[in-house]
Structures are given as C-alpha cells and as structure tokens.
Amino acid sequence: MAGRIEDYALLGDCYSAALVGKDGSVDWLCWPRFDADACFAALLGTPEHGRWLLAAADASARVSRRYRDDTLILETRFETDEGAVVVIDFMPPHGDPPNLIRIVAGERGTVRMRTELVVRYGYGATVPWCSKLDPQTLMAVAGPDMVVLRSPMPLRGQDLRSVAEFSVSAGERLSFVLCWGPSHLPPPEGTDAECELSRTAKFWTDWCAAHRGDRGAWDEAVSRSLITLKALTYAPTGGIVAAPTTSLPERIGGARNWDYRFCWLRDATMTLLALLNAGHLAEAKAWREWLVRAAAGAPSQTQILYGIAGERRATEWEVPWLPGYEGSAPVRIGNAAHRQLQLDVFGEVMGALHQARLNGLAASESAWALQLALLEHLEQIWEEPDEGIWEVRGPRQHFTFSKAMAWVAFDRGIKGIEAFGLKGPLERWCTLRERIHADVCRHGFDAELGSFVQAYGSRQLDASLLLLPTLGFLPASDPRFAGTVAAIERRLLTEGFVLRYHTGQTDDGLPAGEGAFLACSFWLADAYALMGRTEEARKLFERLLALRNDVGLLAEEYDPAARRQIGNFPQAFSHISLLNTAHNLGPAAKPPEPRAGGRSDAAD
C-alpha cells in the first residue's frame, strides 16, 4: 500500500515531477512530461505497478527529512543503532536527458541499505525488457521508452525486480542516476551526480533570491509555496499544471478521482497575482503568454483546461489494472471536464490579462484581440446555464458565481478601455455590466437566508461566493456579503474548515462525500481580512499553515475527521491561495479588492 498522501515529498525539474515517500520509495513518476504515462505508479496500486526504493534495510530505522533551504533538493535521514545516512534526492532542472538522482551519504557508523527498482511503463501495465550495459548499468526498454540506471554496485534480478543490498559508512557517498530516453536512440550518456547536485542547488537558490516582499513569520511557507509553483511549471511553454498526479481521491474509497496534470484557465488570475506579488515577472509573463496561446481560436471553442503545451484533447478513460489509492477507484487518465461550459473562465481570462497590464507586463496586441473576441461571444451566452466552477457532472444550472464572473469579464474589458485607451464598445459593455450585476443580485440572493446562493432558485450555499468582494463585485461592507459569510460559517464549516458545497444536497452527478477544499478556507481568511476581522483571518491562516506536511506541501483537500490530506498532491491551487492570503495579510498587503483593479461603480 502507498503511504499517506502527506508522507510524500515532491521532486521536479520543470518538465515533470516525482513523489517520494518517507520510506524512501519513489512511487510516482511520469517521464518525460507531467502528462506522460507513469513508469512508477505504485502510488495508485502496489510496488508491482512500479517504484524505486532506496532506504535503510532495517524497517525500524528512524526517519526524518527536509528540503535544503530555498531548493527542491530533498534530504531523508535514516538512523539505526549502528549509524546514520542521508539520501539526497533531486531532479536536475531542465535536464537533457531528464535524470532522477539519489546520493547516499554516510553520516555516522555503518548502515545497511537496500534498493529495489521496479519499472512498469504505461501506468504500471508493461514489464520492460531489462539488460545490462555493464555490471553496474541497467537498461529497461518497452515500446518508445527507455530508462537507464547507473548504480555504484551491481544489481540482480529477483521476481521481475532489480535489487541490491549494500552498506554505507561515515564519509562515503554513493550515487545512483536514473535517466530517461527514447528507446530508438542510443542510451543517454552518464552524468556526474555531484556536479548536477551543485547545479541544481544553484538553480533554485538563484531563483529564490528574486522573491520580493516581507512576509515576516510566514516567509518560509511563502518561499516553499513559490518553489512548488515553479516546480509545477512546464518550462518550454510556461504552463502550470494543477497537480502532478491523477486520481488521488477527494474521499478515501470514493469515486471523485480526477486527472489534474493539465492547466486550468480558472487558475489564471490567482496564479498571475501570486507570481507578480513575489516579483517573478518572467514566470508571470510566460503564464500570460501560455494563456493567450491556449485560449486562441474560435471563442465558441474555448475550453476550461488545456494540456501543458496548449493541447485541446484531454480524452478521459479509466485504468482497470490499477486498484486506485487505498482502493479509491476508478483511476482516470484525461479529464472530460474539458468539454464543459464554464462561464467563469471568461472572467478569469479577462481578469488575468487586465492584471498583467496593471502590473506592467509588456502590452500584447494579440491579447486584446482575444479579449474582444471572447467578450463578443460571452454577450451571446452569459444567460445560459453551465457546469460551474466545480465542474459538476450533473445538470447545468444558472450558477451565481458563473454569472458574477461574466460581470467580471465585462468589468475588466471596460477598465481596459478606460485605463489603457484600448478600443472597444464601451457604452454597450457598461450597459451589459449593469444588467448582469442586477441579474445576479436579483436571482442569486436569497432574502430569507440573507445570503447569496449557489444557483438561481437554489437555497444551497457555495464557497466560491466568498470571492465576491475580492472580485470587486460588491464591497466587503455590503450587508449581503456579511450575510453570505455568516451563512457559510453556519452551513459549510466542518471543524473550522470550508467545504466547497454540500455534495449530498447538490446534484453534481457523483456520489456524495469529500473533504474540505483548502483554497476555500484561504478564501474565508481573505474575506475576514476584507471585512476588518483581521485577527480571525490570521488565526485561520495559521491553522491552514499547520496542515502542511513536514516539508511544507498541501494537497487539494483536508479530511478533518481522519486528520489527513486528500486529493491530488501537491495542489497548485492550494499553494496559490496560500500565497495570495499571505500577501493580503502581510506587511505589504494591498487595499481591498486586489483582483479588481479598482472599485466598480456598477449599480445593484
């Protein structure tokens, strides 16, 4: 069985990523891209589905770990009565070929170690043909894929695994280098592990040196979240995956298991703000450019998610040979939500491109042309029902947040004309902005509940409504927003954390049950801050920081009853929300409505 989700740490090279557990087992790796087939898939099954173990042979060894400061270099310490060793794990950034390197460094005494390599291509389905290039170099080939392991000692075959036992004494350093290459080419040349370690450390420390801003006591959490966000970036295009994993469940044993190795337009504005607030302008610009390229084309064909290079096809299928994380089936590859209509993404694209201009990113004529086309299409469809921000698989509804984001789209278009002199139908958009605002306030607010509701005619609540003042739709002082926050506190809080909505009371086409969505809890902290409830905001933020695992990582959700992280991991949206809340609460906090680019004077 795989470890608990929070027992994993992230390795990455800005092309792909791996997850390594506290037990020293790399249980997930997709090569050579985030969205490639996994060659290690034990995370969603058993060791027979692929992994690479490197750990003390004594299962009772005491284990601790940390990332080196300002890097993605993981150090896992194994201590026994006879000695102690540190396993240093990393993936050299922008590697060509891509490498996963593990260095065993003896600290004290002598420790008996064990390594076990199980390569299974195609998400655990395919046993490769293994051969030795020399006594210490193993090659595993199947179809288009090849991995080569260069080991400091010979490995032997055992039950379709490659294993070795060895001892490491104080002062010794042994390097294991695993690399990938196309099977039709010669095996990749060997690499100097120690040189790659120095290069990797320099890459990350240089990148972190550009962080901007004073977060005080939260600086470590902010830095780790920024490193995580950078690690989830596909360097060639600037696209940022929502998570490097698929099908980690939103409820253990449940069916809410999705492939998150894609880039969502919905994340656009928050991602851009997180990068801009930290001073990472190059990454923000690359993300903006990815966004423009991905969304380009006929506006009627705009998708909610795309591949890391902007691919549109994300066909969803199930993997029958993988039992799923702790039996949480099915395991899904691809994401059928790419075919959904979600009106909120129009507002996200418009908001992100407006923020790019506000923050001084170089002007882009193609970006404004895209915006004009998107708004022309949105004028025709904003009154239609959609699947909403949470990508329900039940009937389409008139989701309140979707309509509010349609308002955002036109509001940012208007601001583009007013603030930057861009050309567009200002009068028509102003009229439509007022009409949408009035429509949302008339049909999306329930006077009896004193709250905005999930969908027109519904009495259900939705945590996305916490974003209304952040978006500039209403001031945080508006009694309707105060009523919404109070209603969410009454009905969507579970042990102090926020549910997206009640899955048992909303027809989302799926069995009920999931954890608290971490981004929503950060949104509540933001709402408290905007309402002047600063101490409550800080306390909630500190509680959320305490949920991070021992190396500072967050999954998508948290199960308060089981006290464990659930959902895909690490989740970019959770870390992006952490970054933005830290900025809102920190010494350099901006005035309210940081995403709005100025208050709206739309009528209600």
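# Strand pairing, overall form and selected residues

Strand β25, which covers residues 557–559, pairs with β26 in the antiparallel sense, and the two are held in register over 3 bridges. The model in which this pairing is found is a predicted one. The protein chain has 604 residues, and its radius of gyration of 25 Å is close to the 25 Å that the globule rule gives for that length, so the chain is as compact as a globular protein of 604 residues. The points below move from the chain as a whole to its strand pairings, and then to single residues.

**The chain as a whole**

- The secondary structure of the protein chain is made up of 13 helices and 26 strands.
- Along its principal axes, the C-alpha trace of the protein chain spans about 75 × 45 × 45 Å.
- Among the 604 residues of the protein chain, 63% count as buried.
- When contacts with a separation of 6 or more are considered, 67% of those in the protein chain are between residues that are 24 or more positions apart.
- The protein chain has an accessible surface of about 21000 Å², and carbon and sulfur atoms account for 51% of that surface.
- The protein chain carries 62 positive and 76 negative charges, and the mean positions of the two sets are 1 Å apart.

**The sheet of β24, β25 and β26**

- Strands β24, β25 and β26 form an open sheet of 3 strands in the order β24-β25-β26, with antiparallel pairing.
- The edge strands of this sheet are β24 (516–517) and β26 (564–566), each of which pairs on one side only.
- Within the pairing of β25 with β26, the bridge partner of D559 is R564, which belongs to β26.

**Strand β14 and its partners**

- Strand β9, covering residues 99–118, runs antiparallel to strand β14, covering residues 161–169, and 8 bridges join the two.
- One of the positions that can be followed in the model is T110, whose bridge partner in β14 is S169.
- Strand β14 is also joined to strand β13 (residues 156–158), in this case by 3 bridges and again in an antiparallel arrangement.
- Opposite G157 stands S162, a residue of β14.
- The hairpin of β13 and β14 has 2 residues between the strands, and in this hairpin D159 takes a positive phi near 55 degrees.
- L160 lies in the loop between β13 and β14, and it has a positive phi of about 60 degrees although it is not a glycine.
- With a relative accessible area of 63%, L160 is exposed.

**I304 and E391**

- I304 is placed in the loop between α5 (281–295) and β17 (305–306), and because its relative accessibility is 1%, it counts as buried.
- Leaving out residues up to four places away in sequence, I304 touches C263, W264, L265, R266, A337, H338, Q340, Q342, V345 and E391.
- One of these contacts, Q342, is 38 residues away from I304 in sequence, while the C-alpha atoms of the two residues are 6.8 Å apart in space.
- E391, which is also among the residues touched by I304, is found in the loop between α7 (365–381) and α8 (400–420).
- The phi of E391 is positive, at about 60 degrees, although E391 is not a glycine.
- E391 has a relative accessibility of 16% and therefore counts as buried, the cut-off for that class being under 20%.

**Cis peptide bonds**

- W31 and P32 are joined by a cis peptide bond with an omega of about 5 degrees, and P32 is found in the loop between β3 (25–30) and β4 (38–40).
- A cis peptide bond also joins A329 and P330, where omega is about 5 degrees, and P330 has its place in the loop between β18 (317–318) and β19 (332–333).

**W129**

- W129 is part of strand β10, which covers residues 129–134, and at 68% relative accessibility this tryptophan counts as exposed.
- Apart from its neighbours within four places in sequence, W129 is in contact with M139, A140 and V141.
- W129 and D508 are 379 residues apart in sequence, and their C-alpha atoms are 45 Å apart in space.

Note on methods
Residues numbered from 1 in each chain as written. Predicted model: local features only at pLDDT ≥ 70, side-chain atom pairs only at ≥ 80, totals over all residues. Heavy atoms only, no water. Helix = DSSP H or I, 4+ residues; strand = E, 2+ residues; numbered from the N terminus. Rg over C-alpha atoms; globule rule 2.2 N^0.38 Å. Buried < 20%, exposed > 50% of the residue type's maximum accessible area, 1.4 Å probe, protein only. Contact = heavy atoms within 4.5 Å. Areas by Shrake-Rupley, 256 points an atom, 1.4 Å probe, with all protein chains shown as cover. Lys, Arg positive; Asp, Glu negative; His and termini not counted. Charge placed at Lys NZ, Arg CZ, Asp CG, Glu CD. Pairing = 2+ DSSP bridges.
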